[in-house]
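Hello,

Here is the structure I promised to pass on to you. Please open it alongside this email, and then read on for what was found in it.

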Amino acid sequence: MSFISYFINGLSLGSVYAIIALGYTMVYGIAKMLNFAHGDVIMIGGYVVFTVVSTMGLGPVAGVLLAVILCTVLGVVIEGVAYRPLRMASPLAVLITAIGVSYLLQNIALLVFGSNPKSFTSVVTIPALKLAGGKLTISGETIVTIISCVIIMICLTTFIKKTKAGQAMLAVSEDKGAAQLMGINVDGTIALTFAIGSALAAIAGALLCSAYPTLTPYTGSMPGIKAFVAAVFGGIGSIPGALIGGLLLGIIENLSKAYISSQLSDAIVFGVLIVVLLVKPTGILGKKISEKV
């Protein structure tokens, strides 16, 4: 029962990583850039929910909806101000800019909310599920997180395969120049990608802080890095890969904490990533891309 409990909690944590990893993998797959400020958008979403629920006294649904709206706008603004002027720049310039945006968001949160940890009120009101005569308890946060991850994956996959905007994303991912010649608004498509990724980051922030109810300006840093690891693990640019990578990462981390060492769990996670990339450099579902020279 203990193993099953750890495994289910790992699935819950992995679902959060998967939702965050979707933002990384979509932006990289379509815009071919790494948005390392993505983890801090999670933190901003957490603070919006905290302010709406704890300070303003509104319901959790209102808090999550407002966080999604504000983070979506924030993602579009970040893309337009920080990344769009660097569309033709070197990857190193984009990477440095992303790190700068990350520190900017952290310091804004420090100025506005202070450095003291905030006690986050869970947005989940579903009671815990008790199985096997009470020997196995699954928290409401775990249930909602796993279900949310599955619904988001289904909706996102359907959106990309069945809508014109989704087809435009696939076209821009294949060849920006050819897509522009076909009449696709490349800038608008990339902005839409950032908007979707940031909206998912807001949901992930609410779920993460509900499961681990402490909020600081640095809350999104490590989950953001681990979600990036999950995206690489599953094959960055692949939506199913983000799901598989996130779930595996959460399970490995949780089982490592339970059976090996809580202090070494992060090292084990990154060690597994190194082993996987040595065996399959493109990740689990990644595809090799042939380039003409």
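A term to start with: a crossing of two helices is called left-handed if the near helix is turned anticlockwise from the far one by less than a right angle, and right-handed if clockwise. Please keep in mind that this is a predicted model.

**Helices H3 and H4**

With that term in hand, look at H3 (residues 60-83) and H4 (residues 91-113), whose crossing is right-handed. The two pack at an angle of about 135°, and their axes are 11 Å apart. Angles of 65 to 115 degrees count as roughly perpendicular and those over 145 as roughly antiparallel, so H3 and H4 are oblique to each other. On the H3 side the contact is made by Leu-74, Ile-78, Ala-82 and Tyr-83, while H4 brings Val-94, Thr-97, Ala-98, Val-101 and Leu-105. Sorted by class, this contact of H3 with H4 holds eight nonpolar residues, one polar and no charged ones.

H4 deserves a second look. How far apart should its ends be? At 1.5 Å a residue, its 23 residues should span 33 Å, and the end C-alpha atoms are indeed 33 Å apart, which agrees. The buried residues of H4 are Val-94, Ala-98, Val-101, Ser-102, Leu-105, Gln-106 and Ala-109. A general point helps when you view such a list: an α-helix has 3.6 residues a turn, so residues three or four places apart point the same way. The buried residues of H4 pack against three helices, namely H2 (38-55), H3 and H9 (221-234).

**On either side of H4**

Before H4, in the loop that joins H3 to H4, you will find Ser-90. With a relative accessibility of 39%, Ser-90 counts as partly exposed. Ser-90 and Asn-107 are 17 residues apart along the chain, and their C-alpha atoms are separated by 26 Å.

After H4 comes Gly-114, which has a positive phi, near 85°. Gly-114 sits in the loop between H4 and strand S1 (118-119), and is partly exposed, with a relative accessible area of 23%. Which residues does Gly-114 touch, leaving aside neighbours within four places in sequence? They are Tyr-47, Ala-109 and Pro-217. For Pro-217, the separation is 103 residues in sequence but 8.0 Å in space, taken from C-alpha to C-alpha. Ala-109, as noted, is among the buried residues of H4.

**Helices H9 and H10**

H9 turns up again with H10 (residues 239-259): these two pack at an angle of about 120°, with their axes 7 Å apart. That makes H9 oblique to H10, and their crossing is right-handed. From H9 the contact takes in Lys-226, Val-229, Ala-230, Phe-233 and Gly-234, and from H10 it takes in Gly-241, Gly-245, Gly-246, Leu-248, Leu-249, Ile-252 and Glu-253. These residues divide into six nonpolar, four polar and two charged.

Lys-226, which is found in H9, is worth selecting in your viewer. Is Lys-226 buried or exposed? Its relative accessible area is 5%, so Lys-226 is buried. Leaving aside neighbours within four places in sequence, Lys-226 is in contact with Tyr-17, Leu-249, Glu-253 and Asp-266.

**Helices H6 and H8**

H6 (residues 164-174) and H8 pack at an angle of about 110°, and their axes are 10 Å apart. That makes H6 roughly perpendicular to H8. Here Ala-165, Ala-168, Met-169 and Val-172 of H6 meet Val-186, Thr-189, Ile-190, Leu-192, Thr-193 and Ile-196 of H8. The contact has eight nonpolar and two polar residues, with no charged ones.

Gly-183 lies in the loop between H7 (176-181) and H8 (186-211). At 64% relative accessibility, Gly-183 counts as exposed. Its C-alpha is 9.8 Å from that of Ala-168, a residue 15 places away in sequence.

**One more loop residue**

Finally, Asn-35 is placed in the loop between H1 (2-31) and H2. How does Asn-35 count, buried or exposed? Its relative accessibility is 7%, so Asn-35 counts as buried. Not counting residues up to four places away in sequence, Asn-35 touches Tyr-24, Val-27, Tyr-83 and Phe-194. Tyr-83 is also one of the H3 residues in the contact with H4.

Enjoy exploring it!

Best wishes

How values were computed
Residues numbered from 1 in each chain as written. Predicted model: local features only at pLDDT ≥ 70, side-chain atom pairs only at ≥ 80, totals over all residues. Heavy atoms only, no water. Axes fitted to C-alpha atoms, helices over the stretch in contact; angles between N-to-C directions. Helix = DSSP H or I, 4+ residues; strand = E, 2+ residues; numbered from the N terminus. Parallel < 35°, antiparallel > 145°, perpendicular 65-115°, else oblique. Contact = heavy atoms within 4.5 Å. Nonpolar A, V, L, I, M, F, W, Y, C, P; charged D, E, K, R; others polar. Expected span 1.5 Å × (residues − 1). Buried < 20%, exposed > 50% of the residue type's maximum accessible area, 1.4 Å probe, protein only.
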